[in-house]
Amino acid sequence: MHTPVLLNEAIEGLNVQKGKRYIDATAGEGGHVFEIARRGGMVLGIEWDDLQIKNLKLALSKVEGLKLESYKSVLIVQGNFAKIEKVAKEQDFFPVDGILFDLGLSQNQLLSGKGFSYRSLDDPLDMRIGSELTENAAGLINSLDSQSLYEIFVRNAEEINARTIVEAIVRARSKKKFEKVKDLVEVIDKMVGKKDKRTHARIFQALRIEVNDEFNNLRRGLVGAVNVLKQRAGRLVVIAFHSLEDRIVKRFAKENGLKLLKKVVGRAEATFRFERSAILRVMEK
Ligand SMILES: C[S@@+](CC[C@H](N)C(=O)[O-])C[C@H]1O[C@@H](n2cnc3c(N)ncnc32)[C@H](O)[C@@H]1O
């Protein structure tokens, strides 16, 4: 298990106290789940990716004194945090004292063979976090018209080279359908060069956001979170690695009268995060 970015800041932001209830909406590899449980909090962890769930349950079962069956304070549920309110209510786990969203992907996932990273050249160009999704990244690249592709790259990643990259994609796919990560990487290499990978990162990020409808999941997740948070002094902590996600969080907080208690900008490991700076916001209802 890796140590998550801004772990202490997030846990302190949640104000974890013994016997109180917390939701980790992005349980991932369990860094925050374990820490909340270690401090005596009860945790409902939600995670969308089947493989992450499997690994997390295994990790939980291995932790001494944290045997999943006997350890009543940790509950792990597979699902999309867009449905956080439904999940919490089904589990009779509400109202809660704090909710955490640690957005994006974890290192495990980049190496999981789903084509999330532009470095995994032989992976299929898939990028689905939830296994129930029907359209993958290659499907979008092969089927969308050029204007729709252009909008994805601009809307999700503010990509300045969007127009030329889309034109190159359209030319390439008329000869051969995109299947693998390398099919897309070769096109981007040709347009912007091989050395600087920032465009590669943005194009891959934009596609992943589209495949998984990540901005809308976040919007829905925030609405649901506020509905299951305690009326008074419930804490909402969000860690974003993408300025556009942080903008959604900031706007939501403003529109819903959440008080900003703290904002921390930290550095994430550039090797497995798509963007280098993480923005953590601690908000109170
Ligand atoms: C940055 S990782 C979280 C790492 C975690 N805090 C830890 O300590 O290991 C983000 C996680 O959120 C999950 N995720 C992304 N979108 C999701 C969604 N809509 N619903 C639930 N989980 C989601 C990803 O699969 C990934 O495991």
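This report walks through the ligand site of a predicted model and then its domains.

A few ground rules come along with the model: local features need pLDDT of at least 70, side-chain atom pairs count only at pLDDT 80 or more, and totals for chains, interfaces and linings use all residues. Residues are numbered from 1 along each chain as its sequence is written, and side-chain values use heavy atoms, with hydrogens and water left out.

Let's start with the ligand. Its surroundings comprise 26 residues, of which Glu 47, Asn 80, Phe 81, Asp 102 and Gln 109 come nearest (a residue is near if one of its heavy atoms lies within 4 Å). By class, this shell holds eight nonpolar, 13 polar and five charged residues; Asp, Glu, Lys and Arg count as charged, while Gly is among the polar ones.

The table lists polar contacts of the ligand, meaning pairs of N or O atoms within 3.5 Å.

| Ligand atom | Protein partner | Distance |
|---|---|---|
| oxygen | polar backbone atom of Glu 29 | 2.8 Å |
| oxygen | polar backbone atom of Gly 31 | 3.0 Å |
| nitrogen | N or O atom in the side chain of Asp 102 | 2.8 Å |

On its own, the ligand has 600 Å² of accessible area, and the protein covers 98% of it (Shrake-Rupley method, 1.4 Å probe).

Now for the domains. An automatic or database assignment splits the protein chain into domain 1 (7-108 + 214-284) and domain 2 (114-212). Their C-alpha centres lie 29 Å apart. Where they touch, domain 1 supplies 14 residues and domain 2 supplies 17 residues, with contact meaning heavy atoms within 4.5 Å.

Note on methods: A polar contact is a pair of N or O atoms within 3.5 Å; within protein, one must be able to donate a hydrogen and the other to accept it, and residues adjacent in sequence count only if both atoms are side-chain atoms.
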